[in-house]
Amino acid sequence: MDALSPLFALHDRIRAHPVWTVLLCLLVLGGAGAIASRVHLDENVAALLPGGPGSPGEAATLLSEFGALDTLLLDLSLPGGSRDELIAQGDALVARLKATNQFSQLYSGPSQAELVKLGALVLPKRLYLLENPREELEARLSPERLSQSLARLKLSLAAPEAMGLKQLLLADPLGLNTDLLGRLAKQGGELQLDRGHLLSADGTHLLLVGTPARRALDVDASQALMDELGRVSGELKQTTGGRATLRWVGGPRFAAESAAAIRHDISDNFILSTVVMLAVFVLRFRGLRLLVLASVPLVFGVVGGVAAMALLQGHMHGLTLGFGSALVGIAMDYPLHLINSAAAEPGDRAHAYTSTTRAVFQGLCLGFFTTAMGFLALFLSEFPALRELGYFSTIGLVLAFLANFVLVPPLCARLGPRQATPSGMAPRLLRFALPPRAALVTTLVLLALGGGFSRSLVFDGDLRKLDSQNARTLADYDEVLALFRQPSSSSLVVSSGPTLEDALRINDAVARSIEPLKRSGVLSSAMSLAALVPSAETQRQRAEQLRGMDLEAARQKLSAASVAAGFTPEAFTRFWQEVGAVARGEVAPITPEELQGTSLGMLLSRAIRCEGAECRIATTLERRAGSSLEAVSSVLPAGARMVDSEALANRAVAEIPRQIAMLCVLGVFGNLLFLSWVYRSVRQAILTCLPCAVALVLTVGLMSLLGLPVNLVSAGGLVLVFGCGVDYGLFALEGLAGNQPDGVEQLGVLLAAFTTLAGFGTLAIAQNGAMRALGISTGLGTAISAAVALVLLPGLAARWLRPAAQGASKNALTSDVTSE
């Protein structure tokens, strides 16, 4: 009895009970599907990067976390309308949006009551918000500035609206309030405030800041919000005769459009790949029953792989699912190769599939092991995305491979066509093979060209390009930020400490360190909480500065100037009482907690994160074009670190080439060693790996020539090229082993290439950046691998492998696998 007898006995039982077999398969798949449905799909792109303190993953997380991913900016304009009309429409818009119940918070600007509340809280403590209160007061008490301040105060007191604000105005003889409130307003961008609304500098646009009730990454909720905003925008146009224009930008819009683009890509790819697959099976096998049966291993691989990930870690990234399913799709080549060979066998179908299984068993096993070795190399990657991809793909490939040999032969023999379907195309494929000398020259030229073009290859580490990017959406986002002078969140300085007070103290040091960079032009803007809520320690130090000031002399100077300006000597007693109370430490410092209930609450909640034993505070920066990151990071204090999207991309770019080289070298040389041992021939091992080697080099070279950068996903897609290339080399050489090749195995290579291109090469036209990158790299690599296996490999094998040696190696394989 040989080693395959138990397998063939199982095939006999399956053929005898096809209905029970199908029911059992459905039961197993149903159970695995139930487990797989529990897996949580991650959407955060940061999960693709290495994690840990100071890692790219942490940097990407911070950029996403403090970048207000869940914030939506709404821009309302009314061309031809007055400011009064714009504000009236703003009030109506706020009412409509609140009625949708889609927002947990909707901020239109501070109302008069909120400003009074903020003023009552902040103004008594305003001296704490001055960098050096003593120097500030002494500078404002200079004769020239003091005269100007008192003159402005007299004008304010003479205004009709000052009747109820007299005491408040008299408490600010040096004009501290105006400058302080101006600095606070700049923390939200350069905006005008009019009747509780935020307006652009020219007063023609109105800004609303909304926080949706659901997270932006909840794409269904984000899409529902986009639909609701579209309805509200339509209502505004109707009520204003088509004049009102409402734009909305931010994380929810990006998430909704990205999800819609992905669904569109998947739908288009499914339709196109289905059409190609149907055409392949109809033309080759004259029916579609074998298509359903050939898909069984793929279904087991994908469903089983997801179920395994649910059991192992409970979650997986969405890109891993799509990308991993593509890699597991290599398993489709195995049943296709088996079915194609069996279809050419005449006679009884059960006997045909049994003899074919025996004939292709060794080749398919080698194809499985060599592909699995490529996936196993992913375990050594520093990128969590690639490691997770390795786990999912390896498990799925094993399940698909087992399902191919256990289920496909008996089910095809029992449920497939009853007659053989030989193909007249198979022998003709051998005519495309180049003669040995031409094949050798062509191979060397292709390797040289690919290597030469690869020198100018560009690596792109920008994770944002892995998503769907609508040009109009990006333009709207940039226009709204510029219109309302809102800083972008592509650069952050994150201050960390065990307590909020520690983080605030470091944040104060950050503000002091970057101030010279703002004056020198390295930074175009910086938004820091240090201007709103310094640490308690900083506020106490500022109070101590006042204690060294001769308050009595300062009081006399102001009193003399005030009398000359027409005020009484006691007019500003309240002001000096406030200064004395702060100097003596009788006024409590400003705290973030008391500001949370004011109009500054949203700003604080976006900039402060306290979790567990760490608090983090973000300062948003905008670097001028051409300025270096080192100029900023070099001046930062201990406990603060620079987080920048450009730096993150550069770090990813630095890692991608090393990861590609490591994975490809490990895969190619690992397979060379393995195949050399199996074949007992280094030459045959080299020829088997030649399609994947030429495909890897030429794919990278063509991408460089076409100006297509390599990113994290397209780099991982080269693993798919590696798996296909080795399999195509194995199958093609297997078909050349006999004395009279019939081209059946070459036809199997061609069919496998067509189905792979149909499934994944069509992604090259996808809108989603990750899918497009995958489609380009796998499409080019798969086509090149198949072409090398069909056109170049026969001539090289004829030149470097003697037919007798090929037959001997095949017989050696058979004797190793089978035994009496």
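The exercises below work through contacts and surface features of a predicted model.

**Exercise 1. Cysteines**

Task: Find which cysteines a disulfide joins, and state whether each partner is buried or partly exposed.

Solution:
- Step 1. Searching the whole structure gives one disulfide.
- Step 2. The joined residues are C610 and C615, with an S to S distance of 2.0 Å. The cut-off for a disulfide is 2.5 Å, so the pair qualifies.
- Step 3. The angle about the S-S bond is 120 degrees, and the link of C610 and C615 is right-handed.
- Step 4. C610 has a relative accessible area of 42% and is partly exposed, whereas C615, at 7%, is buried.
- Step 5. For two further cysteines, the relative accessible area is 15% at C25, which is buried, and 0% at C412, also buried.

**Exercise 2. A nonpolar surface patch**

Task: Identify the residues that make the nonpolar surface patch of about 610 Å², and assign them to helices.

Solution:
- Step 1. The patch is made by V19, W20, V22, L23, L26 and L415.
- Step 2. Helix α2 (residues 18-36) supplies the largest share, five residues.
- Step 3. L415 belongs to helix α17 (residues 384-415).
- Step 4. A patch residue needs over 30% relative accessible area; L415, partly exposed at 33%, meets this condition.

**Exercise 3. Salt bridges within a helix**

Task: For the pairs D12 with R15 and R519 with E515, give the N to O distance and the spacing along the helix.

Solution:
- Step 1. The whole structure contains 24 salt bridges.
- Step 2. D12 and R15 meet through their side chains at 2.2 Å, N to O. Both are in helix α1 (residues 5-16); they are three residues apart, so about one helical turn separates them.
- Step 3. D12 is partly exposed at 42% relative accessible area, while R15 is buried at 18%.
- Step 4. R519 and E515 form a salt bridge at 4.0 Å, N to O. In helix α21 (residues 500-520) they are four residues apart, about one turn.
- Step 5. R519 is exposed, with 62% relative accessible area, and E515 is partly exposed, with 32%.

**Exercise 4. A salt bridge between distant parts of the sequence**

Task: Determine which elements the salt bridge of D476 and R247 ties together.

Solution:
- Step 1. In the salt bridge of D476 with R247, the closest N and O atoms are 3.6 Å apart.
- Step 2. D476 is in helix α20 (residues 471-483) and R247 in strand β7 (residues 245-250), so the bridge ties together parts 229 residues apart in sequence.
- Step 3. D476 has 8% relative accessible area and R247 has 18%. Buried means under 20%, so both residues fall in that class.
- Step 4. Through shared partners, salt bridges join D75, R247, R253, E257, D476 and E479 into one network.

**Exercise 5. Aromatic residues and a spatial contact**

Task: List the members of the aromatic cluster, locate the charge over the face of W800, and place L311 relative to R38.

Solution:
- Step 1. There are 11 aromatic pairs in the structure.
- Step 2. One aromatic cluster consists of Y334, F361, F368, F369, F401, F405, F674 and W677.
- Step 3. R799 sits over the face of W800, 4.7 Å from the ring centre.
- Step 4. L311 lies in helix α13 (residues 296-312) and is exposed, with 64% relative accessible area.
- Step 5. Between L311 and R38 the C-alpha to C-alpha distance is 9.0 Å, with their positions 273 residues apart in sequence as the separation.

Technical notes: Residues numbered from 1 in each chain as written. Predicted model: local features only at pLDDT ≥ 70, side-chain atom pairs only at ≥ 80, totals over all residues. Heavy atoms only, no water. Buried < 20%, exposed > 50% of the residue type's maximum accessible area, 1.4 Å probe, protein only. Patch = residues over 30% accessible without salt bridge, like charges linked within 9 Å, V, L, I, M, F, W, Y side chains within 5 Å. Areas by Shrake-Rupley, 256 points an atom, 1.4 Å probe, with all protein chains shown as cover. Helix = DSSP H or I, 4+ residues; strand = E, 2+ residues; numbered from the N terminus. Phe/Tyr/Trp six-rings, centres within 6.5 Å; stacked < 30°, edge-to-face > 60°. Lys NZ or Arg CZ within 6 Å of the ring centre and 35° of its normal.
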